[in-house]
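Please open the structure in your viewer and keep the selection tool at hand. The stops below can be followed in order, one selection at a time.

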Amino acid sequence: MRVGVDYYPEHWPEERWPEDARLMREAGLTVVRLAEFAWCRMEPAEGQYDFEWLDRAIGVLHAEGIQVVLGTPTATPPAWLHERYPELYPVDQRGCRLGFGTRLQRCLGNEIMRSYSRRITEAMVSHFAGNEAVIGWQTDNEFEANLCYCPDCARRFREWLRRKYGTLEALNAAWGTVFWSQEYSAWSQIPLPWQARCGTSHNPSLWLDYRRFASETTLEFQRDQVEIIRRLAPHQFITHNFMGLHDSMDYFALGADLDFVSWDNYPGGAWHADRDPALAHDVMRGIKQRNFWVMEEQSGIPGWERMGVRPEPGQIRMWAWQAIAHGADAVLFFRWRSCLYGTEQYWHGILNHDGIPRRRYQEVQRFAQEVASIAGALDGSEPRAEVAILNSYEQNWALQIQPQVDGLDWWSQVRRFHGALRRRGITVDLVPISADLGKYRAVLVPSWYLLSPQHAGVLTRYVQEGGTLVLNPRAGVKDELNRCRTEPLPSLLAEVAGVEVDDYTPIHGEDHLVLWSDGRDFTARVWAEFLIPRGAEVIGTWERSMFPGEPALTRNAFGKGICYYLGTLGGPEAYDTLVERIVDETGVTPYDGIPAGVDVQIREKDGSRILFVINQTAEEQYVPLPPVSETLLGPQPEGAIPVPPYEVCIYRISS
Ligand code: GAL
C-alpha cells in the first residue's frame, strides 16, 4: 500500500524542494508523480535535453525515502514544436484548428507528433531507467480518443477503412450508403463525421467506425511509448491515469498494454461533482480486473476560473479510504501545493499557496499513518465479486450516436443496476464480455444494442451453464456494423430470453406503470416494450401504458440458468425488487441494514476478509456488523456501530 502526491518541482524555487520533501516524509507520503507536463523544461530546444534539474529533484525526494513515478510529457508539447509544425494542432468537429496556450492541443495520429513523442520518451526513459528512485511510468496524461478532424486524420481514416473492408463495394454494402445517395466510388470521397448542420446527421455505421478509429489512434500513440519503456526499462511499471466514467475511448484496450490502471478521482470536481465515486472505482477495477492506483485524489477545493465545492473536514480522508476499499493499492493526492500561476491556480492542493501545513495536510497525514499501520492486513487483498455488470465502450458509443430517448444512455443504465446492488452491500465487478463470466452468479447487461453472433453465444452459454442473466431493453437491435437486425427482438437473444418484443415506444415523460407479479409496482421510465412470452414466465405486466395488461418483464429458465428480460427501465424501487429476486434465487450474499449514504465494501485475501464501513454523509449512521475478529480502525464493535459523519471503520471479519 502506498500513499503519495503529485508534485511539480518545476513550479517552485529549488531552495524549497528540501522543505517540501521533508514535509512529505513527515506526512507519511512515500511516492510522488513528476514531470507529466514538463516537456519545455526537459527539451527546451529541439534535441537539447535537460534532465539535470529533474535528477536533482528526484535526489532530494529520494533522500527522504520517497519513490518516483514519471509521466511522459506528451499532453503538453512545447511551443517550439508547434511553431515548427502547426499541423500538429487538432481540428475540431466544426473544422476549426486549435492553437497554443492550453493542453491536449495535439493530434495523436499525426506522424510527426508520434515521432517527437517517441523521441522524448526514449530520451527520458534512457536517462531514468537506471535511477533507483524511479519505480514506474505514467503514459501521457488522461488520454481521450483522438476525435480530430484534420486532413491527416481523414486520410488515415480512409486507410483504416480500406484495411477493414478491402473494397468500396464491401464498405458501401456494410454501411448501406445507398441511403441518401451516399454510395462512394473513390476512397477520397469518404468524409469524417463533421458537425452536422440543419438538423441532419451522419450515417451511424460511418460514425461508429470513426469512433473505433479515433480510439485506436490514441491506443497506437500510447503503444509507441509502452514499447520504448518495456524495452529500455523492463523493471519499471507502466500505468496511465484514466478518468473513471470517461468513455470517449475503449478503456479495455488502453488498459491491456499496461501493468495496472490508475485513475484520477475528484468526487467534488469543479465541473461534474460525483460525490459517490464507488461506481467509477468499480469501473476502473474492471478494466484489468485487478486492483488499481488512484494517481490523482482530490485534496482541496477544485477550480479553474471558478471554484467548485469545498471538501468537508474529513471528506478527503474518507474518499481516500473509499478508494482503498474498492481496490486501490495506492492513493496519490493532487496536488502537493496550490500553484501560484497558470490555469489551475484555484485547483487547491494539500498545501495552500502559502506552503504552510494546515488542516488538509493533517488530514492527509492521518490517512497516511493509518494506511501504514494496517498495510500488512491490506497488502495483497482485493474486492471479490459474485455479481458482474457488463461494460462496453462500443455499446456506449452506439448509444451516444443514437440516444433514441433521454435516459437510455449507458451510464444511466449501469447506475441503476450498480446502485441497487450496492444498496444491498453486494460487491460488483464491471467487466467486458470477454471476461470469465462463469465465475459470477449473476451478470447484468445494460442495452446490448450491437449484437454479434459471438456475443449472443457467450451470453447464451453463460445461462445454459447455470448463470443468471439480466437483459435490458434494446438488446440485439443492431449488428456490429450498426445496422438494424431483421430478427424479432431481442434477435439473437430471443431464445435464451424466451421472449419476443411485439412493440415498443420511448417514454417521453408519460405516466406508465408496471405491476410485478408479487403485487408491487413501479413507474416505468425512458422506454417501454410490450412482450410476447415464447416460453418465459411473465413476472411483470403493464398496468398503465398504451397496451395495458401486456407483459413487461419476463423470466426464462434456460439450460441450467435463468434469463431475465426487462422491457423497460424504472426508478430505484424497480431494481431493489430485481436484486431481491437475484439474491433469493442465486444465493449471492448481501449485507443488510446499510443506511443510505454508507458504503460497505470488503477486500479479501487468503480466506481473510476486511470490511470497510464508510459514512459518506454529514450525519452519524448506525451500521450493523457481522462477527468481527479484529478491529483495524474505529470503535470496538458491539453488534452495530455508530459511524460519525465522514468516518471510516475497518474490521477483519470472520464470515
Ligand atoms: C486532472 C488532470 C490534472 C489536473 C487536474 C485538475 O484531470 O490530470 O493534470 O488538471 O485534473 O484540473
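**First stop: Asp-6**

Select Asp-6 and show its surroundings: leaving out residues up to four places away in sequence, Asp-6 touches Arg-33, Met-295, Glu-296, Leu-332, Phe-333, Phe-334, Arg-335 and Trp-336. Bear in mind throughout that what you have open is a predicted model. If you colour by secondary structure, you will find Asp-6 in strand E1, which covers residues 2-6. Is Asp-6 buried or exposed? Asp-6 counts as buried because its relative accessibility is 0%, where the cut-off for buried is under 20%.

**Second stop: the ligand**

Two of the residues that touch Asp-6, Glu-296 and Phe-334, are also among those that surround the ligand, and the ligand is therefore a natural thing to select next. The full set to display around the ligand is Phe-37, Arg-103, Asn-141, Glu-142, Asn-241, Asp-264, Tyr-266, Glu-296, Trp-304, Phe-334, Glu-344 and Trp-347. With those side chains shown, look at the oxygen atoms of the ligand: one ligand oxygen atom lies 2.6 Å from an N or O atom in the side chain of Glu-142, and a polar side-chain atom of Asn-141 is 2.9 Å from an oxygen atom of the ligand. Trp-304 can be added to the view, as an N or O atom in its side chain is 3.0 Å from an oxygen atom of the ligand. On its own the ligand has 300 Å² of accessible area, and the protein covers 94% of it. If you switch to a surface view, the space taken by the ligand is the largest pocket.

**Third stop: Thr-76**

Now select Thr-76, which is found in the loop between strand E3 (67-71) and helix H4 (79-84). Leaving aside neighbours within four places in sequence, Thr-76 is in contact with Glu-36, Phe-37, Trp-39 and Arg-103, and Phe-37 and Arg-103 are among the residues that surround the ligand. Thr-76 counts as buried because its relative accessibility is 17%, with the cut-off at under 20%.

**Last stop: Thr-505**

Finally, select Thr-505, whose place is in strand E14, residues 499-506. Which residues does Thr-505 touch, not counting those up to four places away in sequence? The residues to show are Trp-527, Ala-528, Phe-530 and Met-546. Thr-505 is buried, with a relative accessible area of 16%. To end the tour, draw a distance between the C-alpha atoms of Thr-505 and Gly-176, which are 329 residues apart along the chain and separated by 25 Å.

Definitions and conventions: Residues are numbered from 1 along each chain as its sequence is written. This is a predicted model: local features need pLDDT of at least 70, side-chain atom pairs count only at pLDDT 80 or more; totals for chains, interfaces and linings use all residues. Side-chain values use heavy atoms; hydrogens and water are left out. Helices (H or I, at least four residues) and strands (E, at least two) are DSSP runs, numbered from the N terminus. Buried means under 20% relative accessible area, exposed over 50%, partly exposed in between (1.4 Å probe, protein chains only). Contact means heavy atoms within 4.5 Å. A residue is near a molecule or strand if one of its heavy atoms lies within 4 Å of it. A polar contact is a pair of N or O atoms within 3.5 Å; within protein, one must be able to donate a hydrogen and the other to accept it, and residues adjacent in sequence count only if both atoms are side-chain atoms. Accessible areas come from the Shrake-Rupley method with a 1.4 Å probe; for residues, only the protein chains shown count as cover. On a 1 Å grid over the protein atoms alone, a cavity is a set of points where a 1.4 Å probe fits but cannot get out, and a pocket is an open set with protein on both sides within 12 Å along at least five of seven lines; lining residues have an atom within 4 Å of a point. A molecule sits in a cavity or pocket if more than half of its atoms lie within 2 Å of its grid points.
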